[in-house]
Amino acid sequence: MTTLLEPLRRIAAYAVCADQDGRVLLVRASERSGTPGSWSLPGGAVDHGEDPKHTVVRETAAETGISVAVSGLADVLADMRALPERGITLHTDRLLYTVSVRGGTLTDRVDRPTDLVRWVTLDEARGLPLRSFTARALGLPASSADVVPEEVPEFPSFYAVPGPDGLHRAQRFAAYAVVTDPEERVLLTRVSDGYPGAGCWHLPGGGTDYGEQPGAALIRELVEETGQTGRLVELLGVASHRDAASLGPEGYPIDWHGVRAFYRVVVDQPAPPTVADVGGSTCEARWFRREELGALPTDRLTEVTAEAVQAAQLL
C-alpha cells in the first residue's frame, strides 16, 4: 500500500546534452538506485544552498566524466513515485537545462547509483526503459515503470529540519508569475507583516504542493492571492536564493534555500484584486501601470521581483 509510505520531497537538476550528430547523453540506473535498469538524463539532487546550474554541472561530471556548460533552461516539471522497498513516496521538482560539452572522457561508474553512460540516437532511446521526465525532455513516449502513488500523501507546505550545525534548514520549491493584462499593467502582491520582505511588493505565486505541477500551482496561487484567473504564456527562468538565517512567522532563525521558477502569465479579463487567503503571507494585491511600477523605490520591491520584472523587460 503506497498510502503507508513516508512522503519525502527534493529538488533535482538534469542535463539535456546533444552532440554534433544529434545523439543525447543518457545514464543507466544501477542496482543501487530505486529504478535499476532505467535510463535518464544525467543529474541529481540540488544540495542545500546550491544553485541548480552548479548542480547539473557537478552531477553530469560525476556521472559521465564529461564537463558541461549550461546554455539554457529547457523545462521545469514535477513527478511523484513510490519506492516501497525503501518505505518512501518521493516528490521531485525537476529542472532540465540544455548544456554544451566543454571536454572530458566518457566514463562508466562502478558501485554507484548510475553504472553506464552512453551517447544514443533518438531511435535508440525510443527502445530504452526511459524515466518519464527523460522521455518528455526528448519528445518520446513515456515507458517508465515508476510506481505512482494511489493518492497524494499529506505533506506540510513548510518543512524545516535541523542541519548539521543545529540550525534548522528548509529547502523549498516555488513558482511565481510576472502577470500582465491587456493594458500591460503588472500585478503585484504586498508581503504581510511577520514575513521576510514585509511591506515590499512581490510577484504572485508561492510554494508548490506535494504532487503538484509548478504551472498548476501558480494558477492556483494567483486565484488565492489576487482573485485573478490567468493563463501561462512562457517559462522565464529559475532563480536560487539562500538566506542563512531567515526570520519568519516561525519565530526562530532558519537557514532558508528557495528555488523559484518564473513564468509569464496573462490575465485576459482582469478584475479588482482580492486576497482570499486572509492571514497568510499576502496582505494586498494591486495592478500597476508601467510608469507606476518604474516609480517604485527599489527597496519597495523584493529582490526576486525586481530581477524578474527586468528580465521580462517591463521596467
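User: In this predicted model, how far apart are the end C-alpha atoms of residues 170–310, and what makes up that span?

Analyst: The end C-alpha atoms of residues 170–310 lie 28 Å apart, and the span is 19% helix and 41% strand. According to UniProt, residues 170–310 are listed together with residues 7–143 for "domain: Nudix hydrolase", in an unreviewed entry.

User: How do you know that strands β5 and β6 pair?

Analyst: Two strands count as paired if at least two bridges are found between them. Strand β5 (residues 66–83) and strand β6 (residues 88–104) are joined in the antiparallel sense over 16 bridges, so the requirement of at least two is met. One such bridge links A78 to its partner D93 in β6. In the hairpin of β5 and β6, four residues stand between the strands, and G87 takes a positive phi near 75 degrees.

User: What makes β2 and β3 a pair?

Analyst: Strand β2 (residues 24–29) and β3 run antiparallel and are joined by two bridges, so the condition of at least two bridges is satisfied. R28 stands opposite W39 in β3.

User: Why are β3 and β7 said to stand at the edges of their sheet?

Analyst: The open sheet has three strands in the order β3-β2-β7, with antiparallel pairing. β3 (39–40) and β7 (114–120) each have a single partner strand, so one side of each is left without a neighbour in the sheet.

User: Which strands of this sheet does helix α1 touch?

Analyst: Helix α1 (residues 52–64) packs on the sheet and touches β2 and β7, while its direction makes about 70 degrees with that of β2. Touching here rests on heavy atoms within 4.5 Å.

Key. Residues are numbered from 1 along each chain as its sequence is written. This is a predicted model: local features need pLDDT of at least 70, side-chain atom pairs count only at pLDDT 80 or more; totals for chains, interfaces and linings use all residues. Side-chain values use heavy atoms; hydrogens and water are left out. Axes are lines fitted to C-alpha atoms, for helices over the stretch in contact, and angles run from 0 to 180 degrees between N-to-C directions. UniProt positions are given in the numbering used here, feature names are shortened, and annotations may be inferred rather than shown by experiment.
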